[in-house]
Amino acid sequence: MALALPRLARPALQVAEALAASGTAMTRDALASLLGLTDEGDVVGLDAALEVLADHALVWPDSDGTLRMVSPLRQAWDAPLGLDPPLEQLLAGVTSEELRGMLASLGVKPPGNKQQRLAALVDHHSDAKRVVAVVAQAPADTRKLLERMAKSGSQGPRFQEFGSPEPASGRAARWALERGLLVQDRYRYGPTRMPAQVAMALRGPGWHAPFEPVPPVPRTQPVTAEEVEREAAAALTAFAALTASVLSVCAAKPPARLKSGGVGARELSRLGKAARCDETVVRLVLETAYAAGLLARDGDLVPLTEAYNAWSELEPGERVPLLLQAWWAMTLTPAGARDEEGKSLPALAGTPPCDGCRQARHGLLTAAADLPAGQGVRRTADLGSLVAWHRPLADQLPQDETPFATVIREAEVLGVLARGALSGVGAALLAGDAAALSSTACRLLPAATGTVLIGADLTAVAAGLPTAGLTELLDSVADRETGGTASMWRFSAESIRRALDAGRTADGIAEGLATAAAGPLPQPLSYLIADTARRHGRVRVAQAACVIHSEDAALLAEIAVHRKLAKLGLRRLAPTVLISRTPLAKTLAALRAEGYSPVAEAADGAVRIEKEERRRAAPPVPAPRRAPSSTGSRFPSGAVQQVSGPGTLRDLAARLRAAPPSSPEPGPHSGVAFETDTEEIIAGYADRLSLTDVRQLAHAVDTGQVITIEYDAASGGHSVRSVSELALDPPWLRAWCHLRDDERVFTLSRIASVMPASPQ
């Protein structure tokens, strides 16, 4: 049933909803009366809807003509026709005493037991005239409440009561609750409901369930089959060319995926700019190519698959059907670009299957197929109301300004709709005829061309769809400017250089273009190729870890061919210059191990002195200077206690004379003053460090000693590094990082702690 309902048209759904609202089996005549069918055409529409439901095994007639429906179908609607459950279901949990009170309020003598009282109340409310008479005696605010709830149904505004009701609405509802016209949970929790019998009585005999057996009639205009085919051919040709363009860009640089999955707006913009098409086409190409197996997710990228190689060699009429069939079977809308909040959605995001999106596509083609022969809608937007009639449960996108605008746009881009009518390609898709689809596409799409017109203005124009080989050649040596039914490329020194960088030669480029050109190559293009090739490679850049040079060319020649030094990856650039792929320290060690006596050079060319540093224990960090005492003493308290004997009084006097005339200003750390300017500068930026850490770091900066820091990088990584050769450059700290064996710049505010350097 869950698969059948989305495929039903509006009349079948309306008939099923009416049957579900009745709650009991009913005859065809009773159903026609509920729907208010008097016209013979409407009755024919009812029979057609019942036949559709019977074909799906949802509704069938008994031998006596009573209509029966499958039980799960009743739960497809929370409130069919806006009606709550019948009275007997709502009063299932009511006590016998409460039923007695309701009957007494209605002026009905209560029977003996609960079942009899419930039956009496149901019998009373099943008579529409008696219900209307009771409501006529109700207070004015109660009548307004009941009439409003009867019209709006369960989807409209409702009175909800929790505990004690609101004064105005509570009084209006209480009168109806006492007579069973409204029902609420006995604990006064949850919404107030109106029994179906009461709602139908208040709606009156003139109310009928909605039934639309005939689809809306859009404004149409006459179109010929030739006009439809011509426009469909143009759309298919443009789509085939743009598909080849987008996928060729993907071949050169596969789209990158977001960390959250899918291809984001930046990558979509890059692909559209390179392929010269809008975002809708890019999304459509990516989604259909992925569904057809031409693209695949591979880690952080979405590269082309091996199947693309064979697909690209096919003729256009053989390529397009694969993408059209993928579009027809998709459980998503490829061009969906915005969510409910207007935020951009990634492509190829792996969203959950949406059968409503597929039904929107199928409903569109069904609606177009039902148009009169030789007629097409004047505005394709008018097809939206037809789709809503053929597939009422189809999903509409939040970005659609008119109903199903995105799906209609996709169909036009693919040539499924042309001149407001269904094309031959669309008819083949709707019929599920793969052979007809292939033959129609081959008839509409011209064969790929392998020739190009090259002009003296350094442009190349391919009339029609270029072959895969021609596209690859031109994309490699020129920049694409336009695509579609006629594609144009432009040559430049930059594009020729790009081809030379990729390994092509000037002769190879000229030969390939001459083979593809419809005539001889223009002289300006030949000059451009030759001139660019002449300047290409005059400056060469080699990768090396270090350089070995000597004035003794024979010595370097010996080193270059030394068998035990081959592991260094030596290469001779000149008689007196070798480059090594091995870092300097290892190269030095290898040369010395073989009996040579090389020396290392600094960055400025001076010989680097390799003096072995003797390791010493790090000196203790000086104790923090105490804050000045209230007595104004300028030396630490306890200094006097350290003075013992008259022999030290001279030392004390000398220190007093050398003391500054005033005490240092208190610092921000609990009033403790900074000892040096370095401490004060570091403390101003490294707000995460304690005073002890600030002093250790300042001491290392001033003395050049090695220190260990804990560092939180901006990327979120956490590391412990030993650093030396510290240079303060607020708000940064430049240092030699022993972990990376290179100079690094650290942000002072990201240093978490400071420790003495650990022994090596």
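Biologist: What makes S1 and strand S3 (residues 66-69) a pair?

Modeller: This is a predicted model, and the pairing is read from its coordinates. Pairing takes at least two bridges. S1 is joined to S3 by 2 bridges, with the strands running antiparallel. The count meets the cut-off, so the two strands pair. One residue match is Thr 27 with Thr 66 in S3.

Biologist: How do you know that S2 and S3 pair, and in which sense?

Modeller: The same cut-off of at least two bridges applies. Between S2 and S3 there are 3 bridges, in the antiparallel sense. Therefore S2 and S3 count as paired. Pro 61 has Leu 67 as its bridge partner in S3. The hairpin of these strands leaves 4 residues between them, and Gly 65 there has a positive phi near 90°.

Biologist: What makes S1 and S2 edge strands?

Modeller: The open sheet has 3 strands, ordered S1-S3-S2, with antiparallel pairing. Strand S1 (26-27) and strand S2 (59-61) each have a single partner strand, so each has one side without a neighbour in the sheet.

Biologist: Which helix lies across these strands, and at what angle to S3?

Modeller: Helix H1 (residues 10-22) lies across S1, S2 and S3. H1 runs at about 95° to S3.

Biologist: Why is the contact between Arg 10 and Glu 212 called a salt bridge?

Modeller: The cut-off is 4 Å from a side-chain nitrogen of Lys or Arg to a carboxyl oxygen of Asp or Glu. In this pair the closest N and O atoms are 3.1 Å apart. That value is within the cut-off, so the pair is a salt bridge. Arg 10 is in helix H1, while Glu 212 sits in the loop between helix H10 (196-203) and strand S4 (220-222), so parts 202 residues apart in sequence are tied together.

Biologist: Are Arg 10 and Glu 212 buried or exposed, and what values decide it?

Modeller: Neither word fits: partly exposed covers what lies between the 20% and 50% cut-offs. Arg 10 has 21% relative accessibility, so it counts as partly exposed. Glu 212 has 32%, and is partly exposed too.

Biologist: What makes Asp 278 and Arg 409 a salt bridge, and where do they lie?

Modeller: Their closest N and O atoms are 3.4 Å apart, so the pair is within the 4 Å cut-off. Asp 278 is in the loop between helix H12 (265-275) and helix H13 (279-291), and Arg 409 is in helix H18 (residues 405-413). These positions are 131 residues apart. At 36% relative accessible area, Asp 278 is partly exposed. Arg 409, also at 36%, is partly exposed.

Biologist: How many salt bridges are there in total?

Modeller: The structure holds 28. Another joins Lys 343 to Glu 341, at 3.4 Å from N to O. Glu 341 has 62% relative accessibility and counts as exposed, since the cut-off is over 50%. Arg 28, Asp 29 and Asp 47 form one network through salt bridges that share partners.

Biologist: Why is Val 425 called buried?

Modeller: Buried requires under 20% relative accessible area. Val 425 has 0%, so it is buried. This residue is found in helix H19 (residues 424-431). Beyond four places in sequence, Val 425 touches several residues, including Leu 236, Leu 324, Val 416 and Leu 444. Thr 440 is another of its contacts, with C-alpha atoms separated by 6.3 Å and their positions 15 residues apart along the chain.

Biologist: How do you know that H15 is largely enclosed?

Modeller: Of the 14 residues in H15, 10 are buried, so the helix is largely enclosed by the rest of the structure. Leu 324, Trp 327 and Trp 328 are among them.

Biologist: What span should helix H15 (residues 316-329) have?

Modeller: At 1.5 Å a residue, 14 residues should span 20 Å. The end C-alpha atoms are 21 Å apart, which agrees.

Biologist: Where does pLDDT stay under 50?

Modeller: The protein chain averages 85, with 88% of the residues at 70 or above. Residues 156-168 are below 50, with 29 contacts beyond near neighbours in sequence. Residues 618-647 stay under 50 too, with 25 contacts beyond four places in sequence. Where pLDDT is low, predicted coordinates should not be read in detail.

Conventions:
Residues are numbered from 1 along each chain as its sequence is written. This is a predicted model: local features need pLDDT of at least 70, side-chain atom pairs count only at pLDDT 80 or more; totals for chains, interfaces and linings use all residues. Side-chain values use heavy atoms; hydrogens and water are left out. pLDDT is the predictor's confidence in each residue, from 0 to 100. Contact means heavy atoms within 4.5 Å. Axes are lines fitted to C-alpha atoms, for helices over the stretch in contact, and angles run from 0 to 180 degrees between N-to-C directions. Buried means under 20% relative accessible area, exposed over 50%, partly exposed in between (1.4 Å probe, protein chains only). The expected span of a helix is 1.5 Å times one less than its number of residues.
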